[in-house]
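Me: I would like to go through the labels attached to this model one by one, asking each time what justifies the word.

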Amino acid sequence: MLVNTQGIVLRTVRYSDRGLIVHLLTRQGNRVSASVRLSVSRRGGLHKQLFAPLNVLNIVYDSQPSRQLVTIREASLALSYSFMHTDMVKMSIMMFLSEFLDSATRGERDNPLLYDYITQSMEWIDAATGAVANFHLVMMIRLTRFIGFFPNTEDYRENCYFDLRDGCYVLRMPLHSDVLMPAEARVIGTLMRLNYSNMHLFRMNRQQRRRVIEVIEQYYRLHVPGFQHLKSVDILSELF
């Protein structure tokens with residue numbers, strides 16, 4: 001059966017000179033793993049550059065119930081980035097977010113709002129002309145709203161803790177180690193108020209930003225089965 005849709009490239013694996021396995025999130029909010037036969041012609045067909053991380057594609061794929069991998073027959077850019085593949089900072093953010101999204105969306109089904117949030121975020125950073133050092137932090141935190149474990153910050157009290165397992169503030173230290181002490185718990189409320197328009201107002205040094213990523217990663221590991229350690233975080237730490 002041929003399926004015509006859009007998809008965001010999350011990860012690619014090369015298995016031969018002309019063969020790729022591409023993991024995508026489709027417009028319907030489903031994960032798809034696809035095989036791609038690369039063209040040897042420069043004029044037409046499927047080329048490796050199409051399947052760069054977080055490219056948004058129009059795709060036609062052949063789906064067979066007996067096969068785990070679908071086969072991409074046609075692909076073209078649905079969203080043409082202006083600066084994403086030429087700006088070193090934005091390229092590094094894309095590399096990090098593609099790794100993050102590959103783990104964070106692994107169990108998603110029928111979630112078109114998630115797809116829209118990701119594509120709109122990619123459009124925003126591509127067009128951004130100001131500071132983007134906090135972009136990935138805002139995107140990671142706000143993505144929890146679309147996956148189903150958005151933190152509850154309404155019950156904040158001075159000197160309370162933040163329970164990462166339950167995603168809420170508590171007045172007493174939980175009987176487990178997945179918790180933020182009061183000093184860091186206070187920051188969670190501030191982070192939750194950030195968006196792409198105001199994020200430049202919240203300034204962090206490199207160490208603080210790295211710590212925020214560690215906390216967000218821990219939060220995802222607690223709520224997304226099989227969430228992997230983010231290896232590309234070291235690249236961002238060199239920039240921000």
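Me: In this predicted model, which residue of E5 is the bridge partner of Ser35, and what makes E3 and E5 count as paired strands?

Reply: The partner of Ser35 in E5 is Thr71. Two strands pair if at least two bridges are found between them, and E3 is joined to E5 (residues 70-77) by two bridges, with the strands running parallel, so the requirement of at least two is met.

Me: How do you know that E4 and E5 pair, and how do they run?

Reply: Six bridges join E4 to E5, and the two strands run antiparallel; since at least two bridges are what pairing needs, E4 and E5 count as paired. Within this pairing, Ile59 stands opposite Ala75 of E5.

Me: What joins E1 to E2, and which residue of E2 is the partner of Arg14?

Reply: Strand E1 (residues 2-14) and strand E2 (residues 19-26) run antiparallel and are joined by seven bridges, and the bridge partner of Arg14 in E2 is Leu20. The strands belong to a closed barrel of five, in the order E1-E2-E3-E5-E4, whose pairing is mixed. From one strand to the next, the twist averages 55°.

Me: Which strands of the barrel do H1 and H2 lie across, and at what angles to E1?

Reply: H1 lies across E1, E2 and strand E3 (31-37), running at about 115° to E1. H2, for its part, lies across E1, E2 and strand E4 (56-62), and runs at about 60° to E1.

Me: Why are H1 and H2 called roughly antiparallel?

Reply: Helix H1 (residues 88-104) and helix H2 (residues 112-127) pack at an angle of about 165°, their axes being 11 Å apart. Angles over 145 degrees count as roughly antiparallel, and that makes H1 roughly antiparallel to H2. Their crossing is right-handed. On the side of H1 the contact is made by Lys90, Ile93, Leu97 and Leu101, and on the side of H2 by Ile118, Met122, Ile125, Asp126 and Ala127; sorted by class, this contact of H1 with H2 has seven nonpolar, no polar and two charged residues.

Me: What makes H2 and H3 roughly antiparallel, and which residues make their contact?

Reply: H2 and H3 pack at an angle of about 165°, with axes 10 Å apart; the cut-off is again over 145 degrees, and the two helices are therefore roughly antiparallel to each other. H2 passes H3 in a right-handed crossing. The contact is made by Leu113, Leu114, Tyr117, Ile118, Ser121, Met122, Trp124 and Ile125 of H2, together with Phe135, Val138, Met139, Arg142, Leu143, Phe146 and Ile147 of H3. By class, the contact of H2 with H3 has 13 nonpolar, one polar and one charged residues.

Me: How do you know whether H1 and H3 are roughly parallel or roughly antiparallel?

Reply: H1 and H3 pack at about 20°, with their axes 11 Å apart. Angles under 35 degrees count as roughly parallel, and H1 and H3 are therefore roughly parallel to each other. Here too the record of handedness is plain, for H1 passes H3 in a right-handed crossing. Ile93, Phe96, Leu97, Phe100, Leu101 and Ala104 of H1 meet Phe135, His136, Met139, Met140, Leu143 and Ile147 of H3, and the residues of this contact divide into eleven nonpolar, one polar and no charged.

Me: Why is the sheet of E7, E6 and E8 called open, and which are its edge strands?

Reply: The three strands form an open sheet in the order E7-E6-E8, with antiparallel pairing. Its edge strands are E7 (168-170) and E8 (179-180), each of which pairs on one side only. Strand E6 (residues 161-163) is joined to E7 by three bridges, and in E7 the bridge partner of Tyr161 is Val170.

Me: How many aromatic pairs are there, and why is the pair of Phe149 and Tyr219 called edge-to-face?

Reply: The structure holds eleven aromatic pairs. The rings of Phe149 and Tyr219 have their centres 5.6 Å apart, where pairing needs them within 6.5 Å, and their planes lie at 65°, where the cut-off is over 60, so the pair is edge-to-face. This pair links distant parts of the chain, since Phe149 is in the loop between helix H3 (135-147) and E6 while Tyr219 is in helix H5 (residues 206-223), 70 residues apart.

Key: Residues are numbered from 1 along each chain as its sequence is written. This is a predicted model: local features need pLDDT of at least 70, side-chain atom pairs count only at pLDDT 80 or more; totals for chains, interfaces and linings use all residues. Side-chain values use heavy atoms; hydrogens and water are left out. Axes are lines fitted to C-alpha atoms, for helices over the stretch in contact, and angles run from 0 to 180 degrees between N-to-C directions. Helices (H or I, at least four residues) and strands (E, at least two) are DSSP runs, numbered from the N terminus. Angles under 35 degrees count as roughly parallel, over 145 as roughly antiparallel, 65 to 115 as roughly perpendicular and the rest as oblique. A crossing is left-handed if the near helix is turned anticlockwise from the far one by less than a right angle, and right-handed if clockwise. Contact means heavy atoms within 4.5 Å. Ala, Val, Leu, Ile, Met, Phe, Trp, Tyr, Cys and Pro count as nonpolar, Asp, Glu, Lys and Arg as charged, and the others, Gly among them, as polar. Rings of Phe, Tyr and Trp (its six-membered ring) pair if their centres lie within 6.5 Å; planes under 30 degrees apart count as stacked, over 60 as edge-to-face and the rest as tilted.
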